[in-house]
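Here are my notes for you, written as numbered points. Keep the structure open while you read and find each residue as it comes up.

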Amino acid sequence: MRRKLVAGNWKMHGSLAENESLLTAILAGMGGVQASVAVCAPFPYLAQMQSKLAGSAVAWGAQNLSHHAKGAYTGEVSATMLNDFACKYVIVGHSERRSLYGESDELVAEKYAAAQAAGLTPIFCVGETLSEREGCVTEQVVSRQLDAVLNKCGVASLTKAVVAYEPVWAIGTGVTATPDQAQAVHAFIRGKIAALDADVAAGLIIQYGGSMKPANAAVLLGQPDIDGGLIGGAALNAEEFLAICRAA
Ligand code: PEP
């Protein structure tokens, strides 16, 4: 039985004061939450995550990293730097990184490899755009995104990773994939991995992300291949985030 994982993606939101009250409220409400829980904060707040969350039931991580280990890469942050703040997770290949910052499948795979080389668990995002879904190429797109990582790191690497299926058209839009739509892609992902290694597929956590809210969380999380959520907007509100955590 896979333990569900609910991870908040705070994106470029927060301040020291806002984070303090959000984390205080989340920690206070963790009683009765059976899922694993994490928050992925902007880089400047990772020290705050460490001091506030160390020893608690809430893990933390970053939203991006460099594929380089060190060097003349102004503005970049390496995996070992994330380790200095005891990050457990790092999101790689979020659709906003892909679409706004031109991250290719190959670069995402490099970041995934860099994260794992440093002992971080990548939350590896895949998902199709609206036009790709309308063009009936969802499976081809997700397959291509997965193949970049599989070709570079191999199927066994997924024992130390989380996959997040995030249909781009559902992220931050208030439009959620129906449980059937989401389950179908999750089953496709698991089936693709199972064809390579059944044990890896059986243990793989595949989160759904895309306007998950308390009102739709239970039915999404009740699907057989949906093992948690990557939560954007609702992760900025303690009550909403905790309601999703409890639903998991
Ligand atoms: C996300 O940022 O990964 C996300 C799923 O956002 P939202 O929940 O706001 O759609």
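1. Let's start with a contact between two helices. Leu22, Ala25 and Ile26 in H1 meet Ala238, Phe241 and Leu242 in H11. Sorted by class, that contact has 6 nonpolar residues, with no polar and no charged ones. Do keep in mind that you're looking at a predicted model.

2. Now look at how those two helices sit against each other. H1 covers residues 16–28 and H11 covers residues 238–247; they pack at an angle of about 35 degrees, and their axes are 9 Å apart. As for the hand of the crossing, H1 passes H11 in a right-handed way.

3. H1 has another partner, helix H2 (residues 46–53). Here the axes come within 11 Å and cross at roughly 30 degrees. Is that roughly parallel or oblique? Angles under 35 degrees count as roughly parallel, so H1 is roughly parallel to H2. The crossing of this pair is right-handed.

4. Which residues make the contact between H1 and H2? From H1 you'll find Leu16, Asn19, Glu20, Leu23, Thr24 and Leu27, and from H2 there are Gln48, Met49, Lys52 and Leu53. By class, the contact of H1 with H2 splits into 5 nonpolar, 3 polar and 2 charged residues.

5. Just ahead of H1, have a look at Met12, which sits in the loop between strand E1 (5–9) and H1. Is Met12 buried or exposed? Its relative accessible area is 79%, and the cut-off for exposed is over 50%, so Met12 counts as exposed. Try picking out Phe43 as well: Met12 and Phe43 are 31 residues apart in sequence, and their C-alpha atoms are 9.6 Å apart in space.

6. Next up is helix H8 (residues 179–194), which gives you a nice little check to do. What span should its 16 residues have at 1.5 Å a residue? The expected value is 22 Å, and the C-alpha atoms at the two ends of H8 are 22 Å apart, so the two agree. The buried residues in H8 are Ala182, Gln183, Val185, His186, Ile189, Arg190, Lys192 and Ile193.

7. H8 packs with helix H7 (residues 138–153) at an angle of about 40 degrees, and the axes of the two are 11 Å apart. That angle makes H7 oblique to H8. The crossing of H7 and H8 is right-handed. On the H7 side the contact uses Thr138, Glu139, Val142, Ser143, Leu146, Asp147 and Leu150, while H8 brings in Val185, Phe188, Ile189, Lys192 and Ile193. The class count for H7 with H8 is 7 nonpolar, 2 polar and 3 charged residues.

8. One residue in that contact deserves a second look: Lys192, in helix H8. Why does Lys192 count as buried? Its relative accessibility is 19%, and buried means under 20%, so Lys192 falls on the buried side. Setting aside residues up to four places away in sequence, Lys192 touches Ser143, Leu146, Asp147 and Leu150.

9. Asp225 is another one to find, in the loop between helix H10 (214–221) and strand E8 (228–231). With a relative accessible area of 13%, Asp225 is buried. What does Asp225 contact, leaving aside neighbours within four places in sequence? The list is Arg2, Gln183, His186, Ala187, Arg190 and Ile206. Asp225 and Ala182 are 43 residues apart in sequence, yet 8.9 Å apart in space, C-alpha to C-alpha.

10. Finally, some backbone angles to check. Most residues other than glycine have a negative phi. Ala86 has a positive phi of about 55 degrees, even though it is not a glycine. You'll find Ala86 in the loop between helix H3 (79–84) and strand E4 (89–92), and with a relative accessible area of 36%, Ala86 is partly exposed.

11. Cys136 is also worth your time: it is not a glycine, but its phi is positive, at about 60 degrees. Where is Cys136 found? Look in the loop between helix H6 (130–134) and H7. Cys136 counts as exposed, at 63% relative accessibility.

Terms used. Residues numbered from 1 in each chain as written. Predicted model: local features only at pLDDT ≥ 70, side-chain atom pairs only at ≥ 80, totals over all residues. Heavy atoms only, no water. Helix = DSSP H or I, 4+ residues; strand = E, 2+ residues; numbered from the N terminus. Expected span 1.5 Å × (residues − 1). Buried < 20%, exposed > 50% of the residue type's maximum accessible area, 1.4 Å probe, protein only. Axes fitted to C-alpha atoms, helices over the stretch in contact; angles between N-to-C directions. Left-handed = near helix turned anticlockwise from the far one by under 90°. Contact = heavy atoms within 4.5 Å. Nonpolar A, V, L, I, M, F, W, Y, C, P; charged D, E, K, R; others polar. Parallel < 35°, antiparallel > 145°, perpendicular 65-115°, else oblique.
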